[in-house]
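Please open the model in your viewer and keep the sequence panel beside it. The tour below goes from one selection to the next and says what is found at each stop.

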Amino acid sequence: MRFGLLGPLTVHDGAAVRPIGSPKGRALLGALLLRPNRAVPLDTLEAVLWGESPPATASASLHNHVARLRRVLAEDGEPRLRAVPGGYLLTVGAGELDSELFTERLDRARAGRLRQDWAAVGKETAQALELWRGAPLANLPDPALSHPEVRPQIQQLQEARLQALEWRFDAELRLGRHGGLAPELARLAEEHPLSEVFHRQLMLVLHRTDRQAEALAVFRRLRRTLIDELGIEPGPAVQQTHQEILTARQVSLSVAPAVPHPAAGPPDNAAGTPLAPPRRPLPSADPAPARPSSPPTPWTSPAGRPNSSG
């Protein structure tokens, strides 16, 4: 049997899906799966199902929901869901819960980072992210999602997913595999406008795919957002990446091929005599006949007197 928390709550028995139609049944199973193989107190389960003010019949209703959930999870051998002093405990085997598989792969990716084995980091993070199907426990009712025992654990899972994304992109960049990363990083930068990590990685991808102007625009947008929202400048890592892009762009402009200058003069012929410059082509129409040369005529003022100046 497999349980899914990284998206809508699901229960699979091989290829078959075991439906849990009741919202309170899903809330109960979700609360138990967030603490697998550990006792969950009765008051916590009641608050997850009914909020902070459960009805007087909450204890009896909880017992009925537990009984129905036991039937859904029924297997040969020991029951998975059993009563323990003060609450209930759900037994989950190794490899049956997707959130635990995700954590294991993220731990292996962390070990790969320490070894600087970027191929392993890329592989482990990619496999970890494949387990995600959407927002964790997306089909639980609102009282369960907002419960103080549930909400922080969902947030931790979401933060761990962002960590996996960061490490995956970092591995791809270090391995020189930049192609195709820009659209996903641009979407993440838009979804997380204060994330310096995703903006920096997007800047690097754009820079390394010869889109320096776009990379600099990403920096300006991040800087403006950080100043407007938090009153701070981007951190040292982003600033260093920005400076590297600026420097590379200036070097690129400085080594651009210059326009060739015209030759200082026509080449000499074999005898050492300068070649005559090429003649301009004559206009298509016949030119007017040349006027005979004559001495210059002095300029006459409007009064008829020659101008003596000059």
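## A first pair to select

Begin by selecting Asp98 and Arg133, whose side chains meet in a salt bridge with an N to O distance of 3.8 Å. This pair links distant parts of the chain, since Asp98 belongs to helix 4 while Arg133 sits in the loop between helix 5 and helix 6, 35 residues apart. Asp98 counts as buried at 8% relative accessibility, whereas Arg133, with a relative accessible area of 41%, is partly exposed. Please keep in mind throughout that this is a predicted model, and that the structure holds 13 salt bridges, of which a few more are visited below.

## The whole chain

Zoom out to the full cartoon, where the chain shows eleven helices and six strands. Of its 310 residues, 36% count as buried, and the accessible surface comes to about 19,000 Å², with 54% of that belonging to carbon and sulfur atoms. Among contacts between residues at least 6 apart in sequence, 61% join residues at least 24 apart.

## Helix 7 and its surroundings

Next select helix 7, residues 151-174. Its 24 residues should span 34 Å at 1.5 Å a residue, and the C-alpha atoms at its ends are 35 Å apart, which agrees. Colour its buried residues, among them Ile154, Leu157, Ala160, Ala164, Leu165, Trp167 and Phe169, and then show what covers them, which includes helix 4, helix 5, helix 6 (142-145), helix 8 and helix 9. Just past the helix comes Gly176, whose phi is positive, near 75 degrees.

Which charged residues of this region should be displayed as sticks? Arg168 forms a salt bridge with Glu184, with the closest N and O atoms 3.0 Å apart. Arg168 lies in helix 7 and Glu184 in helix 8, so this pair ties together parts that are 16 residues apart in sequence. Arg168 counts as buried at 16% relative accessibility, while Glu184, at 26%, counts as partly exposed.

Move on to Glu172 and Arg177, whose side chains meet in another salt bridge, at 2.9 Å from N to O. Here Glu172 is buried, with a relative accessible area of 14%, and Arg177 counts as partly exposed at 42% relative accessibility. To finish this stop, add Arg113, Asp170 and Arg174, which are joined into one network by salt bridges that share partners.

## The nonpolar cores

Which residues have the most contacts inside the largest nonpolar core? Select Phe102, Phe169, Leu185, Leu202 and Met203, which hold that position in a core of 37 residues. The elements that give two or more residues to this core include helix 4, helix 5, helix 8, helix 10 and helix 11, and helix 7 gives the most, with eight residues.

Centre the view on Met203 and display its contacts: leaving out residues up to four places away in sequence, Met203 touches Ala215, Val218, Phe219, Val238, Thr241, His242 and Ile245. A second, separate core of 33 residues includes Leu9, Val48, Leu81 and Leu90, and the following two selections turn to other parts of the chain.

## Strand 6 and helix 1

Select Leu89, which is found in strand 6 (residues 87-90). Leu89 is buried, with a relative accessible area of 11%. Beyond its neighbours within four places in sequence, Leu89 is in contact with Asn37, Arg38, Ala39, Arg80, Leu81, Arg82 and Val84. If you draw a distance from the C-alpha atom of Leu89 to that of Pro41, you should read 9.1 Å, although their positions lie 48 residues apart along the chain.

Then select helix 1 (residues 23-33), in which nine of the eleven residues are buried, so that it is largely enclosed by the rest of the structure. The buried residues are Gly25, Arg26, Ala27, Leu28, Leu29, Gly30, Ala31, Leu32 and Leu33.

## A last stop on the surface

Finally, turn on the molecular surface and select Leu194, Leu230 and Ile232, which make a nonpolar surface patch of about 250 Å². Is Leu230, a residue of helix 10, buried or partly exposed? At 47% relative accessibility, Leu230 counts as partly exposed.

Notes:
Residues are numbered from 1 along each chain as its sequence is written. This is a predicted model: local features need pLDDT of at least 70, side-chain atom pairs count only at pLDDT 80 or more; totals for chains, interfaces and linings use all residues. Side-chain values use heavy atoms; hydrogens and water are left out. Helices (H or I, at least four residues) and strands (E, at least two) are DSSP runs, numbered from the N terminus. Buried means under 20% relative accessible area, exposed over 50%, partly exposed in between (1.4 Å probe, protein chains only). Contact means heavy atoms within 4.5 Å. A nonpolar core is a set of buried Ala, Val, Leu, Ile, Met, Phe, Trp, Tyr and Cys residues joined through side-chain atoms within 4.5 Å. The expected span of a helix is 1.5 Å times one less than its number of residues. Patches are made of residues with over 30% relative accessible area and no salt bridge: like charges are joined within 9 Å, nonpolar side chains (Val, Leu, Ile, Met, Phe, Trp, Tyr) within 5 Å. Accessible areas come from the Shrake-Rupley method with a 1.4 Å probe; for residues, only the protein chains shown count as cover. A salt bridge is a side-chain nitrogen of Lys or Arg within 4 Å of a carboxyl oxygen of Asp or Glu.
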